[in-house]
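Colleague: I am new to this structure and would like a close look at one part of it, followed by how the rest is laid out. Please start from one residue and work outwards.

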Amino acid sequence: MRQARADGPPRSSAIADVPRKARGDRRAVRGSGLLMVNTLVNLPMPVYSHSRIESFRHCPRKYFYRYIAKIELPEQPEQIATFLGSRVHAVLEHLYERVAKGIVPSVESLREQFDQEWASHWTPAVVIHDRGATPDDCISLGWRCIEKYYQRFHPFDQATVIGLEQMITFPLDEAGRFKMIGYIDRLTKTADGCWQIHDYKTNSSLPTQAEKDDDPQLAYYEIGIRRMWKGVEHVELIWHFLRFDHSIVSTRTPSQLDQLRAEAIATITDIEGRGDDTSRFPTHEGPLCSYCEYQQVCPARKHLYQVRVMPESDLAREPAVALVDRWAELDSKRKLLQGEQGDIDGQIEEIRQALLAIAQRDGLELIAGRRTEVAITVNDRVLFPRKGQEPEKAAELEAALRATPWWPQLSSLNVGDLRTAWESAETNSELRRILEKFVWTDRERSARLRARRDHK
Ligand code: SF4
């Protein structure tokens, strides 16, 4: 059983993967389970679960809506992924209930069980997203999951069943302050004493080993069973990816479990420290928002939600929509103009350089067009070493000036001050002799377009 078979290629499907524990009919199947959860939630100290902790980590605001404000949501139509997952889980639960009683059902009887399970729950309201997929396609997919599993594990004697849909409640800490709850699809124990936590998945994609080694859900359950039973030594976490006929097995070290426990306690402490103040549960807007059930109330999504369902005629009258659309229009225009401006600037620069070259070649200071002219100016700029550009020469200049009476005025080595000093110093003066070792001139040519001055 611990041996995984070769994997088939992942099948692409628009049937979304839905977390197992979020499936509504699990509650219907196990009505007492729901009662238990609600009873625990109503205790003064909340009881946490993997999904509750992850909900906060993904989006604190969503956590607030679900667990603190407890916003009631209108009944949503069931998605096919949820429906299919529930049917497959129910049949595998039935299979192992029989096995636990010493009866191995035939594959035919299991098929009957599956068909019955499907038919008794099916309603046309179930949403199939996959374009072109029919309910029969979904039945085939569901049955393939079970059939492959059956063939791989028949006669199901790899381990003793300890619990099916096993509810576990346990504290994360020694004092029992941080309580957790969870459900294990199947808990088994092998002949050599290995406890196995099984989870069935009908996901349309197969995660990697590394992803499951990092997945906390079953590891929480390991913490739970180690607390609930004595003598639990070796534990395996096993995910059965039924569409791929593949199982991923992971184990955790004691220090990994300690770290998981510490991180969960830190998250719970953080949650509880925020009280019931909405503003302390910020929104985390991202791709998962599209699947969030609280889009209608969440400030990060509610306007988008309203706009999505608004008839086109109302959209035109909605001022906020008009303002956003107008902004977008102006923004595209601006980008277009910015692009054009960059292009025009480049062309002007090319013309400037060409005119400067003509002016230099032909000795011109003015080049005429029909109505405009370009004035060429040549400036010889007096320059001195600058600390940023010519640091070594600047240091030499500083050393040469430091011992002179001009140092207080020129100590910043400002080029403007040095130029003034150079131009006002007497020829052959000491200052002039010092500065002439460092001064140089830079010829700067510029071209400026203006109206022709001979045109009045
Ligand atoms: S819509 Fe997005 S941001 Fe708002 S609560 Fe849901 S997940 Fe969080």
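Modeller: A helix here is a DSSP run of H or I with at least four residues, a strand is a run of E with at least two, and both are numbered from the N terminus. In these terms Gln353 belongs to helix H13. The model is predicted, and the values below are computed from it.

The cut-off for an exposed residue is 12 or fewer other C-beta atoms within 10 Å of its own. Gln353 has 12 such neighbours, so it counts as exposed. Its C-alpha lies 9.7 Å from that of Arg445, although 92 residues separate Gln353 and Arg445 in sequence.

The helix that holds Gln353, H13, covers residues 319–362 and lies across strands E7, E8 and E9. Against E9, H13 runs at about 115°. These three strands make an open sheet in the order E7-E8-E9, with antiparallel pairing. Strand E7 (366–368) and E9 stand at its edges with a single partner strand each, so each has one side without a neighbour in the sheet. On average, neighbouring strands of this sheet are turned by 20° against each other, ignoring direction.

The pairing of E8 with E9 can be followed residue by residue. E8 takes in residues 372–383, and twelve bridges join E8 to E9 in the antiparallel sense. Val382 has Thr441 of E9 as its bridge partner, and Arg381 stands opposite Asp442 in E9. As for burial, E9 (residues 440–451) has twelve residues and the number buried is zero, so the strand lies largely in the open.

Strand E3 gives another picture. Eight of the eleven residues of E3 are buried, so the rest of the structure largely encloses the strand. E3 pairs with several strands. Strand E1 (residues 47–48) runs parallel to E3 and is joined to E3 by two bridges, with Tyr48 partnered by Met180 in E3. E2 runs antiparallel to E3 over ten bridges, and Pro171 stands opposite Lys179 of E3. E4 is also antiparallel to E3, with four bridges, among them the one that makes Ile197 in E4 the partner of Leu187. Five residues lie between E3 and E4 in a hairpin, and Gly193 in its turn has a positive phi of about 85°.

Helix H9 packs against some of these strands. The helix runs over residues 217–228; its twelve residues should span 16 Å at 1.5 Å a residue, and its end C-alpha atoms are 17 Å apart, which agrees. Nine of the twelve residues of H9 are buried, so the helix is largely enclosed by the rest of the structure. The buried ones include Tyr220, Tyr221 and Ile223. The elements that the buried residues of H9 pack against include strands E2 (160–171), E3 (179–189) and E4 (195–201), as well as helix H10 (254–273).

Some backbone details sit around E2. In the loop between helix H7 (135–153) and E2 lies Pro155, and the peptide bond from His154 to Pro155 is cis, with omega near 10°. Phe156 lies in the loop between H7 and E2 as well. Its phi is near 65°, a positive value in a residue other than glycine. Phe156 has 18 other C-beta atoms within 10 Å and is therefore partly exposed. Glu165, inside strand E2, has a positive phi too, near 50°. With 18 C-beta neighbours inside 10 Å, Glu165 counts as partly exposed.

There is also a ligand. Of the 14 residues around the ligand, the nearest are Cys59, Thr283, Cys289, Cys292 and Cys298. The shell has seven nonpolar, three polar and four charged residues.

The whole chain sets these parts in context. It contains 17 helices and nine strands. The chain has 456 residues, of which 21% count as buried. Of its contacts with a separation of 6 or more, 69% are between residues 24 or more positions apart.

Notes
Residues are numbered from 1 along each chain as its sequence is written. This is a predicted model: local features need pLDDT of at least 70, side-chain atom pairs count only at pLDDT 80 or more; totals for chains, interfaces and linings use all residues. A residue is near a molecule or strand if its C-beta atom, placed from the backbone, lies within 6 Å of it. Ala, Val, Leu, Ile, Met, Phe, Trp, Tyr, Cys and Pro count as nonpolar, Asp, Glu, Lys and Arg as charged, and the others, Gly among them, as polar. A residue is buried if 20 or more other C-beta atoms lie within 10 Å of its own, exposed if 12 or fewer, and partly exposed in between; C-beta atoms are placed from the backbone. Two strands pair if DSSP finds at least two bridges between them. Axes are lines fitted to C-alpha atoms, for helices over the stretch in contact, and angles run from 0 to 180 degrees between N-to-C directions. Two residues are in contact if their C-beta atoms, placed from the backbone, lie within 7 Å. The expected span of a helix is 1.5 Å times one less than its number of residues.
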